[in-house]
Amino acid sequence: MDWIDVVFILSGLLCLGSACTIVTRKNPVYSVIFMLPFFLGMTILFILLSAPFLAAMQMMVYGGAILVVFLFVIMLINLRPEEIKDDFSLWTYTPAAAVGGVLGGLILSFVRHGIPDGSELDKNFHAAVNNSRLMLDLGMGGVAPPLGSIDSIAIPMFKQYVVPFELVSILIVVAVLGAVILAKKRV
Amino acid sequence: MDVTGMPILADAGLMDFVAGLFSFKLVSCLALSAAIFSIGAMGVLARRNVLVMLISVEVMLNAVMLAFVSFARAMVNLGPPAGKTFAAEGGQIFALFIIAVAAAEAAVGLAIVIAYFRNRQTVDTRDIKAMRN
Amino acid sequence: MDFLIDIIDTCVKWIPGWIVNPSHIRAFYAESLFIIPLMPLLGFLINGFFRDKISRGASGLVASLAAFASFLWAVLCFHACRGHLPEFDHGAGYLHRMLSTEPLHKVYGTWFDTGTFSCAFGLYMDQLSGVMALVVTGVGTLIHVYSMGYMAHDKAFARYFAYLNLFLFSMLVLILADNLVLTFVGWEGVGLCSYLLIGFWYEDGEKAAAGMKAFIFNRVGDLGFLLGIFTLVAAFGTANYYAAPHALGSYTLPVVAPHKSFVKDSSKEEGKREVVMMPDAPGLIDYADGLKLMGNADAKVPLGYKADGGNFDLSKTAGAKVFPAGWTVGFAISLACLLLFIGACGKSAQLPLYAWLPDAMAGPTPVSALIHAATMVTAGVYMLARLHALYLFSSATMDVVAIVGGTTAIFAALIGLTQTDIKKVLAYSTVSQLGYMFLGAGVGAFALAIFHVVTHALFKALLFLGSGSVIHAMSGEQDMRKMGGLRKKLPITFWTMVIGALALGGIVPFAGYWSKDAILANVLAKAMETHETSYWVLYLFACVGAFCTAFYTARLIGLTFFGECRASDEVKAHIHESPPSMTVPLIVLAVLSVIGGWWLHNDLISFLNFGEISQNAENEHVEWINLICTLAASFGGAGLGILLYISKVFVPKPEESKNPLVRLSFNKFYIEAFYDRGVTGFFSIFAEALHLFVDVLLIDFLLVNGVGKLVRGLGGALRKTQTGLINVYATGILVGALAILFYLLKG
């Protein structure tokens, strides 16, 4: 077992555990607080998957902005613990668990049979993994920008994906305006 | 390919497959993504608190990002299929877009929550059923 | 005509002559043809939209000025397109169009384009449409001026003028259109305006019903017209009359070159027949001319039609998808002409669709003068003349036209003998005169038919306006038996109406004589040429009709203006001569009715050099026989009328008459009774049955309410599934997504 496997397992377990905590806490404040280790785990996974820029974005946008907004809203609403209704019931969790289980099972089954060990994707993934050990320190050396560096993301983003990019920016503007209008008093 | 026809549990190679998941490879990343996605979906379906439902949606989106990034990693040295052009970074770029969309979604969703809370003093979906019948 | 044209010639050519090239002037007038219909349209818009804002005087002034501006521009454009070689070969439409006249043709843009068929907004002015436009705008202007006096006391003054201007606009579109589809737009527009103006006083149910009657009769005809257009479009793939102006540049004359759509195997027959090259995008008339010139004598003609050269199988042309195998171009043309003639029958009040016109007298009298005497009802004649090349192609249709026209001429004249309403007499007289026009067109004398349109427009407008003046003076009374002795009190009206009556009666040398006499001469010549009984009968009809016309005209004058006044004292006290705005148009029209026929008869006929004016009619022999017959008929009828109604006034009581002939005439040969009871009754029962079975049972009960109840029940059941809980909906979404995922992975 390589050290990278160890890191992967630990961060994966961190994610799974905090995700479970997020969805099961009665008080939403705990849910939001447990988002932090969840995002941390995701960030480590992204770094392992040679997506350092994305990892940085994840930490900044999710951990820095979205999470804070959630926390902010919870504070704003200011539900006292005794006002929070208990929403655990077998009637709701059983079908949800069934649906979630079937969904996860289906994806797993697909992954298992669709991408067997030693398939081209798998091999390529490992080849990239071996490269990425050296590339953990960003972009030293190679001629072509390595996967996940800012260059390698920026160039296709502003060439091939420029239309979706612009659309997303419009979406964000619209969403911000919509949020302002929705949250204004006396709509 | 016919994958759903196979029994998931009663399979001879299942234990090997599960044991194989404890190492860093594509399939294990995807399996982790599937598991997180299922947990998030369960949260959305089971919880009655709108805020927690929104957080669960974020969890689901993160799971999807994980899958995208894993595939981007696996695609990096592979050329595009015949007749197509794509950058291997497409997966990562898509993940970035997901972050942006998630931010927008959170902003609008939370604005709705605030607006609703101001009017009804509740964020519990059991109380939010004006659309009933 | 000449001195007028010379004056205009001098004015128009001299002023811009040293500024621009003369050919540019023509181009300028072609470009600006749209101004003619635009002016009344502007008047309509102003009067229509600001009818509450502008004063009564301004409203009448705007409308009259619009009509007058349109008239002026029509004069200028007419001048620009007049012919230079009037005696050139008849019939060869575009040939003489190139050499003898220079029609103004401008295509302003595409209206619609459906791939195989496209239709343009184009205006076209040649001699025919020029003359018609002059008549419409000229008489129209006079009637606008007259209306300012006649309608002075009406509350819906601006609405009236808006309709009148809209009518002028539609009529000008009808006349100036360069294709049948655009003509149809105008055709429908004038029908609409006719309906609106007949029912102008819509508070009166009877008048509103008369408007609807006119509209429905016109619809019947319009259906025929539309089907005729479809047939022509299917056969030729075009609805244009002539090739578009830009296609004209490629002519070379004379040419022997087969046109590809009409000669099957050009290589074999090229040397044998004389063929004229077609323009790039030929119009209907170009096609007809081409067909005529390349006709071969030993053609097998189907269904008895003498369609020279039209024996080409349509399944080889554009119409292959529409026409059954074996139909020929000649047959298609005959069919189309017949269908279009049905439209003309409706619009021009010919048998059997004439019944709306007498009822149309419910409208204001100037409207009767303009629409139902001078212009709109002659649209059918205009259409025939416009498509004369096609009509000449199908002799069977021409026979139908002549028979319908001749029969209508005598039929309406006989009804006119016993009517007591002054406007009804004139209405039947109009129907009868329209019959003469169709008779003339039916024997091929299209130019004479148009000549009669022109003279008839002058004197019939005069008579209607005069009768309007009488009615105005009599406080709305229209029954001639309650008039009498008005000649002292209404001198101007009296003298102008006498002139109109002389013109209508066909007395030498007033306007009506020249045109009617020439038409009759052509009928006689045709009868002599063909030796067919039917033409002799038609000639007899026409002469008897002329006799009746002269008689009832004298009767009208006698009952209205001579003898003692039979009105009530109250009305008597009120009798006054009309204001100048009404008498001036009367005087202008009276002058034109005196000199118009003599002035125009040579020029106009040679100017309108189309159709087949019988060479025989120029024969002295024919001329003398015809002269004796028509003069005998006119003077005989007039004399009898004077004897009965002027020298000693006899007040008729047709409704009490025991004489079966009088009863037959007074009751309009019971044709309207047949329409009312038979046709209307049948359709009422049919409609009632449809109402019960289709509307009440099928649509209301089964479809509308049934579907409503079904949906309601289903909705009530499905409503229970809507819990209002977001989680349930989310579960639904996810389960659906799972199902799709499962399906995709399975596949």
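Let me start with the surface that chain B and chain A share, which in this predicted model comes to a buried area of about 8,100 Å², with carbon and sulfur atoms giving 77% of that figure. On the chain B side, the residues that lose the most area to chain A are Phe24(B), Arg47(B) and Arg73(B), and together these account for 11% of what that side buries. In terms of contacts, 88 residues of chain B meet 94 residues of chain A.

What holds for polar pairs here? Between chain B and chain A, the count is 13 residue pairs in polar contact, where both residues have pLDDT of 80 or more, while the rule finds zero salt bridges across this interface. As for where the chain B side comes from, helix 1 (14-20), helix 2, helix 3 (50-75) and helix 4 (90-120) of chain B each supply at least two residues, and helix 4 gives the most, with 23 residues. If we sort the residues of that side by character, we get 63 nonpolar, 14 polar and 11 charged.

A word on chain A itself, as the partner in this interface. Chain A has seven helices and zero strands, and of its 187 residues, 39% count as buried. Among the contacts in chain A with a separation of 6 or more, 57% are between residues 24 or more positions apart. The exposed area of chain A is about 10,200 Å², and carbon and sulfur atoms supply 73% of it.

Now let me turn to the other face of chain B, the one that touches chain C. Here 18 residues of chain B are in contact with 15 residues of chain C, and the area buried between these two chains is about 1,400 Å², with 62% given by carbon and sulfur atoms. Five residue pairs are in polar contact, again with both residues at pLDDT 80 or more, and helix 2 (residues 26-46) of chain B makes the largest share of the chain B side, namely four residues. That side divides into nine nonpolar, three polar and six charged residues, and yet, across the interface of chain B and chain C, the rule finds zero salt bridges.

I would like to finish with some local features of chain C, and the background is that most residues other than glycine have a negative phi, and most peptide bonds are trans. Which peptide bonds should you look at with that in mind? The bond from Leu351(C) to Pro352(C) is cis, with omega near -5°, and Pro352(C) sits in the loop between helix 12 (329-347) and helix 13 (356-359). The bond from Val508(C) to Pro509(C) is also cis, with omega near -5°, and Pro509(C) is placed in the loop between helix 20 (491-505) and helix 21 (511-530).

In the loop between helix 12 and helix 13 we also find Ala349(C), whose phi is positive, near 55°. Ala349(C) counts as buried because its relative accessibility is 0%. Ser475(C), in the loop between helix 19 (446-473) and helix 20, likewise has a positive phi, of about 55°, although it is not a glycine; with a relative accessible area of 46%, however, Ser475(C) is partly exposed.

Lastly, is Ser147(C), in helix 6 (residues 127-150), buried or exposed? Ser147(C) is at 0% relative accessibility and therefore counts as buried, and, leaving aside neighbours within four places in sequence, its contacts include Phe157(C), Tyr160(C) and Pro366(C).

Key. Residues are numbered from 1 along each chain as its sequence is written. Chains are lettered from A and ligands numbered from 1 in the order in which they are written. This is a predicted model: local features need pLDDT of at least 70, side-chain atom pairs count only at pLDDT 80 or more; totals for chains, interfaces and linings use all residues. Side-chain values use heavy atoms; hydrogens and water are left out. Contact means heavy atoms within 4.5 Å. Buried area is the accessible area (1.4 Å probe) that two parts lose on being put together, summed over both. A salt bridge is a side-chain nitrogen of Lys or Arg within 4 Å of a carboxyl oxygen of Asp or Glu. A polar contact is a pair of N or O atoms within 3.5 Å; within protein, one must be able to donate a hydrogen and the other to accept it, and residues adjacent in sequence count only if both atoms are side-chain atoms. Ala, Val, Leu, Ile, Met, Phe, Trp, Tyr, Cys and Pro count as nonpolar, Asp, Glu, Lys and Arg as charged, and the others, Gly among them, as polar. Buried means under 20% relative accessible area, exposed over 50%, partly exposed in between (1.4 Å probe, protein chains only). Accessible areas come from the Shrake-Rupley method with a 1.4 Å probe; for residues, only the protein chains shown count as cover.
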